[in-house]
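Here are a few notes to help you find your way around this one. Have the model open while you read, and take the points in order.

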Amino acid sequence: MNKVTVNNRYQFEVDVLNGALKVNHQDLHLDVLTLTAESSHIIHDNKSYNVEVVDFNKEEKQANIKINGHVYKVQITTQLDMLLQQLGMDSLANYKVLMLKAPMPGLVLNVMVAVGDEVKKGDSLLVLEAMKMENIIKSPADAVVKKIGVKQGDKIEKNTVLIEFV
């Protein structure tokens, strides 16, 4: 059973069992004609609906869906999401990363950020040479650089603090 929230206001329990769609524990019968990957024409209770997925964020499980010209924000909460919430594990992604340590010994070839820089998850921070290979060390989260613990040319050991974040 998944929970679907529309426009942060209306909630529905939605499930698909053996190809049958259930909304709030009742079977929902739809006549669906798929037009494109993003759009369909649906008939329900003798009413016609033109449905288009405007955008979809798979990671956030959010979509904007246009139905007959009106856009609705849809948020999906899966059974796994609900279980993680019950166990208090849903907020683990909100923990801040305070420091980045060297994953291996090596030589710092280039530091690509400065103190005060705002970095996004996945941004390149520095280049570390190890075993004759250049490794680009990337930001593990969105953060602001507080302190840089190494400089170009430094030889470092595994677990050396490379960068501290605010």
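1. Start with the core, and keep in mind that this is a predicted model. The largest nonpolar core has 16 residues, and those touching the most other members are Val119, Leu125, Leu126, Ile156, Leu162, Ile163 and Phe165. Two or more residues each come from strand 13 (124-130), strand 15 and strand 17.

2. Don't stop at that core, though. Another one lies apart from it, made up of eight residues, including Val6, Val14, Ile42 and Val51.

3. Now the sheet. Four strands make an open sheet in the order 10-17-15-12, and the pairing is antiparallel. At the edges sit strand 10 (99-101) and strand 12 (118-119), each with pairing on one side only.

4. Strand 17 (residues 161-165) is worth following residue by residue. It runs antiparallel to strand 15 (residues 143-148), with three bridges between the two. Phenylalanine 165 in strand 17 is the bridge partner of valine 145, while isoleucine 163 is the bridge partner of isoleucine 148.

5. Strand 17 also has three bridges to strand 10, and this pair is antiparallel too. Here, valine 161 in strand 17 stands opposite lysine 101.

6. Finally, which residues does isoleucine 163 contact, leaving aside its neighbours within four places in sequence? They are Leu98, Met99, Leu100, Val113, Leu125, Leu126, Val145 and Lys147. Leu125 and Leu126 in that list should look familiar: along with Ile163, they are among the core residues that touch the most other members.

Key. Residues numbered from 1 in each chain as written. Predicted model: local features only at pLDDT ≥ 70, side-chain atom pairs only at ≥ 80, totals over all residues. Heavy atoms only, no water. Pairing = 2+ DSSP bridges. Core = buried A, V, L, I, M, F, W, Y, C linked by side-chain atoms within 4.5 Å. Buried < 20%, exposed > 50% of the residue type's maximum accessible area, 1.4 Å probe, protein only. Contact = heavy atoms within 4.5 Å.
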